[in-house]
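Here is a quick walk through a structure for someone meeting it fresh. Have a look at it first, and then we can go through it piece by piece.

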Amino acid sequence: MPDLHDQIRDFWDRDSHTYDDSASHAVSDPLEAAAWRAALRRALPDPGAKVLDIGAGTGALSLLAAELGYEVTALDLSEGMLSKARAKADANGVELTFVVGSAAGPPSGPFDAIMERHVIWTMPDPATALSAWRDIVVPGGRLVLFEGVWGAEAPTQKVKDAAAGVLRRVLGVEDHHHAPYPADVLAQLPLARMTSPIPLIDMVHDAGWRGLRIQRLRDVEWASMRYERWPLGWLEQRPRYALIADA
Ligand SMILES: C[S@@+](CC[C@H](N)C(=O)[O-])C[C@H]1O[C@@H](n2cnc3c(N)ncnc32)[C@H](O)[C@@H]1O
């Protein structure tokens, strides 16, 4: 039986072939890209800053940030995912630094900011990683976590999810989201299927980050809702947010 790290890496290596089929994953829709540029500018320090994108995947945010003038290092444990990011950077003439490695053992930097999108939920020990990231930023360096409330606790969301599932089958609209992790893997991930940002806020604070502030990403939500065929986008919409803190 491979260990958890290898299981997660193998999952994403396999998923890398279809990950960008989802517009929200690839940020291939112009409206979504514009919304994410706005979110990056709001959350990150000024362009020119050195940014480490943890779990950069196929590079959606790394590429947009580099385009905005940031000096970006894209780190991921999956060579499969990073190879897609590399190909897109080459095709668009964008300069990025790539590191194949674990979020728990990042390069020493120092960076002006650490960011991640949709990665912290898949980390077996996010608390230790959050502390390690504080050691590789400049004094006053920034943490930017782009996350969403993916778990459905409210009965209304459960009903909406069920309706969306039926509608997708009836309309023959494919769900581009990857298969979920196996239950034994999910059970080892403390932040998987969060139903509120509060456990993450507590964990970031306990890791020594200060000045925590949250921004709801209404522009990103609006853009991704518009992209999906009505009413699927509305039924499946989740609150998205940026959690920002200082070292
Ligand atoms: C849901 S994808 C998000 C990718 C990208 N951030 C995005 O927004 O499209 C999760 C990514 O995190 C990476 N990942 C998962 N655990 C990791 C870890 N411990 N260290 C580094 N990367 C990790 C996976 O390989 C995958 O590329």
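Let's start with a word that comes up a lot: a residue is called buried when its relative accessible area is under 20%, exposed when that is over 50%, and partly exposed in between, using a 1.4 Å probe and protein chains only. Aspartate 15 is buried by that yardstick, with a relative accessible area of 10%. Before going on, note that this is a predicted model, where local features need pLDDT of at least 70, side-chain atom pairs count only at pLDDT 80 or more, and totals for chains, interfaces and linings use all residues. Residues are numbered from 1 along each chain as its sequence is written, and side-chain values use heavy atoms, with hydrogens and water left out.

Back to aspartate 15, which lies in helix H1. Helices (H or I, at least four residues) and strands (E, at least two) are DSSP runs, numbered from the N terminus. Along the chain, aspartate 15 and methionine 81 are 66 residues apart, yet 7.9 Å separates their C-alpha atoms.

**The ligand**

Which residues are closest to the ligand? They are Tyr19, Gly55, Asp76, Ala103 and Arg117, out of 19 residues that surround it. To count as near, a residue needs one heavy atom within 4 Å of the molecule. Sorted by class, the shell has 9 nonpolar, 8 polar and 2 charged residues. Here Ala, Val, Leu, Ile, Met, Phe, Trp, Tyr, Cys and Pro count as nonpolar, Asp, Glu, Lys and Arg as charged, and the others, Gly among them, as polar.

The table below lists polar contacts with the ligand, meaning pairs of N or O atoms within 3.5 Å.

| Residue | Atom of the residue | Atom of the ligand | Distance |
|---|---|---|---|
| Tyrosine 19 | polar side-chain atom | oxygen | 2.7 Å |
| Leucine 77 | backbone N or O atom | nitrogen | 3.3 Å |
| Alanine 103 | polar backbone atom | nitrogen | 2.8 Å |

On its own, the ligand has 600 Å² of accessible area, and the protein covers 97% of that; such areas come from the Shrake-Rupley method with a 1.4 Å probe. Helix H1 (4-15) and strand S2 (71-76) are the elements that give two or more residues to the shell around the ligand.

Strand S2 is also home to threonine 73. Is threonine 73 buried or exposed? With a relative accessible area of 11%, threonine 73 is buried. Contact means heavy atoms within 4.5 Å. Setting aside neighbours within four places in sequence, threonine 73 is in contact with Val51, Leu52, Asp53, Thr97, Val99 and Phe111.

**Two helices with a buried face**

Take helix H9 (residues 198-206), whose buried residues are Leu200, Met203 and Val204. Viewed down the axis of H9, they fall within an arc of 100°, so they line one face of the helix. That arc is the one made by the directions from the helix axis to the C-beta atoms. Turned away from the buried side of H9 is a face carrying the exposed residues Ile198 and Asp206. The cover over the buried residues of H9 includes helix H6 (126-134), strand S5 (137-148), strand S6 (210-216) and strand S7 (240-246). After H9 comes glycine 208, with a positive phi near 100°.

H6 has its own set of buried residues: Pro126, Ala129, Leu130, Ala132 and Trp133. Those of H6 fall within an arc of 160° seen down the axis, so they line one face of the helix. Their cover includes strand S1 (50-54), S4, S5 and H9.

**Backbone oddities in the loops**

Where does proline 110 lie? Look in the loop between strand S3 (97-100) and strand S4 (111-117). The peptide bond from glycine 109 to proline 110 is cis, with omega near 0°. Tryptophan 230 and proline 231 are also joined by a cis peptide bond, with omega about 0°. Proline 231 sits in the loop between H10 and helix H11 (232-236).

Valine 27 is not a glycine, but has a positive phi of about 55°. You'll find valine 27 in the loop between helix H2 (23-26) and helix H3 (30-43), and it is buried at 8% relative accessible area. Histidine 118, not a glycine either, has a positive phi of about 60°. Histidine 118 belongs to the loop between S4 and H6 and counts as buried at 18% relative accessibility.

Terms used:
A polar contact is a pair of N or O atoms within 3.5 Å; within protein, one must be able to donate a hydrogen and the other to accept it, and residues adjacent in sequence count only if both atoms are side-chain atoms.
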